[in-house]
Amino acid sequence: MASPPTLPDTSAPQIHAPDDPDAALEHNDRLEAIYAANRQGLYSLALTVCGDPERAEDAIQEAFARLFTGRGRNARDLTAYAFAAVRNAAYDQLRRRRHERNEPVSVFATTAVAPAGGLMDDTDDHALLKRAVDELPDAEREVVVLHIYAGLGFTRIADSLDAPVSTVHSRYRRALERLRAQMAEVMLT
Amino acid sequence: MNDLHDIDRRLRALPLREPAPELDAAVHAQREASDALLARRLRTLPLAAPSAGLDRRIHAARRRAEHPAWRGHLLAAAGLLAALGLTWLGVALRQAEAGPQTDTAGPVAGTGTHPGGARPVPWVHMVGQRRIDQAPQLQPHAEGLLERRGELRLRTIDMIDPRTGDRVRIEIPEYLERQRVLDTF
């Protein structure tokens, strides 16, 4: 995993409206709904950043623990803010354990491997594609995970990554080109 | 050589047919379709799923945020203080009802024996049964020699009770400091 890119500072205290218990509950209800709707996407994002299932879950818990205290209450897009918070927490996890040199875990589930020497079947194809995604540069893999697996639009991804939409779009396009090229190369050899 | 350059220049000068304007759109559409196809294939890949425990952890995080632990700790501390206060009040009331304490044990008589009985008792027991505020102001008079009783080496201290003038002999285990014994009285 490379060094983390510039992140939006979601840990900084936000300017809140005066404490209103109803508003706090409403905010937390929205967060729970966002979590329920994006559970898999949030996990895949955290996993692709820190490369460890336990740390990924720790990162999500840490991020939501902060969000439940009122962080992001004034955010324009709470879903994008939640993704940004999880991403930041995942990079924090990565930094905290940077001395541990464990092999990063794939965002994909492990499945049975096809018999060697056979013709390319679906399982081989999947395995190649998985490896190709795992080997994408971090910034491009994040965009692919957020768009394909978390189902976020490019504007929302841009908000989460604190990057221009055009940058997000070009990262996605470059990632697809890279995947296509890698797959074609493997199929030809 | 000059001829080749001349041919090259003339070839470049020839007017070419331009592609149809629709070609750009067609190429773009083809690329979009290819991207969509790849995205569809990517979506079919099985993802690693979070554990069931994550949901519980998120709910717990919300509970903790809405009911911070320090509130519980504060309540527990207040309860403990209240219980201690009530206990102290109860003890104080009982003491007030019982009236002023008197030294019912009286001056220690005999040599290292229980007051009112001939049964030898360890020194610690003898001190322990007398409250400090009831103990007579014993003055050290003379210090006896060490003697051995079984496995225990004992030191004897003779004292005078200024209130009654009685002589009191105390036996202490050797390992207890003499000053500590006197301080205790």
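**Figure 1. The interface of chain A and chain B in the predicted model**. Together the two chains bury about 3300 Å² between them. Carbon and sulfur atoms hold 56% of that area. On the side of chain A, Glu57(A), Gln61(A) and Arg173(A) lose the most area to chain B. These three residues account for 18% of what that side buries. Counted by contact, 39 residues of chain A touch 28 residues of chain B.

**Figure 2. Polar pairs across the interface of chain A and chain B**. Between the two chains, 22 residue pairs are in polar contact. Salt bridges across this interface number 10. One salt bridge joins Arg173(A) and Glu32(B), with the closest N and O atoms 3.3 Å apart. Several elements of chain A give two or more residues to the side that touches chain B: α1 (21-50), α2, α4 (122-134), α5 and α7. The largest share comes from α1(A), with 10 residues.

**Figure 3. A salt bridge between Asp35(B) and Arg180(A)**. The two side chains meet at 2.9 Å, N to O. Asp35(B) sits in helix α2 of chain B, residues 22-43. Arg180(A) sits in helix α7 of chain A, residues 165-188, so the pair joins two chains. How buried or exposed is each partner? Asp35(B) has a relative accessible area of 6% and is buried. Arg180(A) has 26% and is partly exposed.

**Figure 4. Arg41(B) and its contacts in chain A**. Arg41(B) belongs to helix α2 of chain B. Its relative accessibility is 30%, so Arg41(B) counts as partly exposed. Which residues does Arg41(B) contact, leaving aside neighbours within four places in sequence? They are Asp125(A), Leu129(A) and Met183(A). With Asp125(A), the side chain of Arg41(B) also makes a polar contact of 2.6 Å.

**Figure 5. A network of salt bridges with members from both chains**. Four residues are linked here. Asp29(A) and Glu32(A) come from chain A. Arg62(B) and Glu66(B) come from chain B. For the whole model, the count of salt bridges over all chains is 23.

**Figure 6. A salt bridge between two helices of chain A**. Glu62(A) pairs with Arg96(A), and the closest N and O atoms are 3.0 Å apart. Glu62(A) lies in helix α2, residues 53-68, and Arg96(A) in helix α3, residues 78-96. The partners are 34 residues apart in sequence, so the salt bridge ties together separate parts of the chain. Arg96(A) is partly exposed, at 46% relative accessibility.

**Figure 7. A salt bridge within helix α5 of chain A**. Arg141(A) and Asp138(A) meet through their side chains at 3.1 Å, N to O. Both residues lie in helix α5, which covers residues 138-149. How far apart are Arg141(A) and Asp138(A) in this helix? They are 3 residues apart, so about one helical turn separates them. Are Arg141(A) and Asp138(A) buried or exposed? Both are buried.

**Figure 8. A nonpolar patch on the surface of chain B**. The patch is formed by Leu4(B), Ile7(B), Leu11(B) and Leu14(B). Together these residues have about 420 Å² of accessible area. Leu11(B) lies in helix α1 of chain B, residues 2-13. Its relative accessible area is 55%, so Leu11(B) is exposed.

**Figure 9. Chain B as a whole**. Chain B has 6 helices and 3 strands. Along the sequence they run α-α-α-α-α-β-β-β-α. Of the 185 residues in chain B, 24% are buried. The accessible surface of chain B is about 13700 Å². Carbon and sulfur atoms make up 59% of that surface. Among contacts in chain B with a separation of 6 or more, 38% are between residues 24 or more positions apart.

Note on methods
Residues are numbered from 1 along each chain as its sequence is written. Chains are lettered from A and ligands numbered from 1 in the order in which they are written. This is a predicted model: local features need pLDDT of at least 70, side-chain atom pairs count only at pLDDT 80 or more; totals for chains, interfaces and linings use all residues. Side-chain values use heavy atoms; hydrogens and water are left out. Patches are made of residues with over 30% relative accessible area and no salt bridge: like charges are joined within 9 Å, nonpolar side chains (Val, Leu, Ile, Met, Phe, Trp, Tyr) within 5 Å. Accessible areas come from the Shrake-Rupley method with a 1.4 Å probe; for residues, only the protein chains shown count as cover. Helices (H or I, at least four residues) and strands (E, at least two) are DSSP runs, numbered from the N terminus. Buried means under 20% relative accessible area, exposed over 50%, partly exposed in between (1.4 Å probe, protein chains only). Contact means heavy atoms within 4.5 Å. A polar contact is a pair of N or O atoms within 3.5 Å; within protein, one must be able to donate a hydrogen and the other to accept it, and residues adjacent in sequence count only if both atoms are side-chain atoms. Buried area is the accessible area (1.4 Å probe) that two parts lose on being put together, summed over both.
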